[in-house]
Amino acid sequence: MASWARRACRFGLAAGGAGVAAAAWQPVACADGKTPVAAQFPIPLLGFGTACLGEKTTRSVLHALEIGYKHIDTALLYETHLGVAEALKQTEVPRDEIFLTTKVGFFPPGKPGLLGVPDGTWQAENGKGKEREGVELSLKELGVDCVDLCMVHTPLTSYLQMWTAYIPHFHCLRGWPRPITFMMECIGKTLIWLLEDPAKARAVRKETWQAMEQLVRDGKAKAIGVSNYEVHHMQELLEYATIKPAANQFECHPNFPREDLVDFCQKNGVAVVAYGSDRSVRPLSTVSAEAREFAPPLALVLRWTIERGICVIPRSGTPAHREENARVFGWSLNEQHKAAIAAGTLRNSPAYWNPIVVP
């Protein structure tokens with residue numbers, strides 16, 4: 001797997017759990033029919049993420065399907081397609097009962113040049129302008145003729161944008177001092193403002209979306225969506241889309257609640273899929289002792305997200321954690337839980353990306 005993607009996600013294999021509002025909980029099976037707010041088609045609220053699972057992918061996905069997960073989220077970037085494919089072959093769950101998502105178009109157009117890519121390996125088929133190649137490779141690796149949902153992985157149209165948007169990773173996941181990353185972000189934003197043409201960026205994204213629409217017409221994907229798109233990217237997309245995006249997947253958790261983006265998507269009929277739920281676990285674990293009598297921190301975060309009508313896609317390489325993460329239905333947050341979450345989080349703290357810098 002690309003080393004930078006692996007390092008960026010290595011903290012995502014956190015433990016999780018579940019609970020009820022005021023009493024000891026009982027295991028609850030995944031609810032297949034539950035869908036997020038604004039869903040255009042049946043997409044399970046609870047999915048299983050596969051980023052950074054590496055050699056654990058097949059057995060992790062196979063176990064997830066066995067215990068009731070019906071939504072599998074992957075991407076060309078993750079290099080987990082082959083492992084997912086093997087799990088799909090081995091499972092007794094029929095293919096038509098599994099909602100399969102992948103993503104393409106992660107990198108900007110062209111080769112990285114001198115800038116390179118943050119901590120990793122460039123993928124030729126995974127850039128803007130290579131959507132068809134990326135999807136065809138994905139389908140081949142997954143061993144399927146069609147995916148349920150295919151997403152444009154990022155709105156990035158230049159490598160300068162990539163480096164600038166990636167800065168939160170250096171602070172949150174690598175521990176770089178905030179003054180240094182703040183200075184880096186200011187420099188990146190200034191260079192983007194001075195050197196880049198927003199109209200050109202929009203043109204690249206428009207061509208990308210047109211290529212995605214053709215994939216639907218060709219039967220390669222049942223639906224298409226986007227990932228890491230901000231409000232201004234969504235506004236732009238809705239102006240020229242002839243096939244409406246089905247979903248927008250982005251970092252969303254109590255530390256980074258994204259009220260404006262969630263509200264815009266849901267009001268415009270675009271389902272929201274949240275990643276990064278584990279990024280709120282550490283602060284919650286230190287201040288929410290009373291709430292944790294009923295539910296471990298990640299369970300609170302997942303339930304908090306689901307109650308906003310948002311899909312969650314937790315990932316784990318540990319069977320017990322996968323089972324805990326699946327127990328998010330059949331109970332609700334009470335006021336104690338909500339107060340613990342409000343007190344224990346760091347508002348507006350992205351851990352992975354800050355795509356707002358992308359024009």
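How many bridges pair strand 1 with strand 2, and in which sense, parallel or antiparallel? Two bridges join them, in the parallel sense. Keep in mind on this tour that the model is predicted.

**Stop 1: the sheet**

Start by selecting strand 1 (48-49) and strand 8 (311-312), which stand at the edges of the sheet. Between them, the eight strands follow the order 1-2-3-4-5-6-7-8 in an open sheet with parallel pairing. Each edge strand has a single partner strand, so one side of each is left without a neighbour in the sheet. Now zoom in on G49 and look across to strand 2, where D73 stands opposite.

**Stop 2: from strand 2 to strand 3**

Next, select strand 2 (residues 71-73) together with strand 3; three bridges hold this parallel pair. Pick out I72, and you will find L100 of strand 3 opposite. To follow the chain between these two strands, add helix 3 (residues 81-90): the path leads from strand 2 through this helix to strand 3, making a right-handed β-α-β crossover.

**Stop 3: inside strand 3**

Stay with strand 3 (residues 99-104) and colour it by burial. Six of its six residues are buried, so the strand is largely enclosed by the rest of the structure. In a regular strand, side chains alternate between the two faces of the sheet. Here F99, T101 and K103 are on one side, L100, T102 and V104 are on the other, and all of them are buried. On to the next neighbour: strand 4 (residues 147-152) runs parallel to strand 3, and four bridges join the two. Click on K103 to find its bridge partner in strand 4, M151.

**Stop 4: the nonpolar cores**

Nonpolar side chains tend to be buried together in soluble globular proteins. In this model the largest nonpolar core has 83 residues; select I72, L100, V147, W209, M212, M234 and W353, which touch the most other members. Centre the view on V147 and show what surrounds it: leaving out residues up to four places away in sequence, V147 touches R95, L100, T102, L139, L142, K220, A221 and K222. Another core, of six residues, lies apart from the largest one, and its members include L300, W331, L333 and I341.

**Stop 5: two helices to compare with your view**

Select helix 12 (residues 297-306), which is mostly covered, with 10 of its 10 residues buried. Among those buried residues are P297, R303, W304 and T305. Then move to helix 2 (residues 57-66), where you will find T57. T57 is buried, with a relative accessible area of 1%. Show its contacts beyond four places in sequence, and T80, G83 and V84 appear.

**Stop 6: pockets and cavities**

Where does the second largest pocket have its centre? Select T157, S158, Y159, E196 and K200, which lie nearest that centre among the 15 lining residues. The pocket's volume is about 210 Å³. Helix 5 (159-165) and helix 8 (198-217) each supply at least two residues of the lining.

Finish with the enclosed spaces: there are three cavities of 30 Å³ or more. The second largest cavity holds about 40 Å³ of space. To see its walls, select N228, E230, F250, E251, F256, R258, Y275, W353 and P355, which line this cavity. You have met W353 already, as one of the residues that touch the most other members of the largest nonpolar core.

Key
Residues are numbered from 1 along each chain as its sequence is written. This is a predicted model: local features need pLDDT of at least 70, side-chain atom pairs count only at pLDDT 80 or more; totals for chains, interfaces and linings use all residues. Side-chain values use heavy atoms; hydrogens and water are left out. Buried means under 20% relative accessible area, exposed over 50%, partly exposed in between (1.4 Å probe, protein chains only). Contact means heavy atoms within 4.5 Å. Two strands pair if DSSP finds at least two bridges between them. A crossover is right-handed if, with the strands pointing away from the viewer, the path from the first strand over the helix to the second runs clockwise. A nonpolar core is a set of buried Ala, Val, Leu, Ile, Met, Phe, Trp, Tyr and Cys residues joined through side-chain atoms within 4.5 Å. On a 1 Å grid over the protein atoms alone, a cavity is a set of points where a 1.4 Å probe fits but cannot get out, and a pocket is an open set with protein on both sides within 12 Å along at least five of seven lines; lining residues have an atom within 4 Å of a point. Grid points are joined across faces, edges and corners, and a volume is the space filled by probe spheres set on the points.
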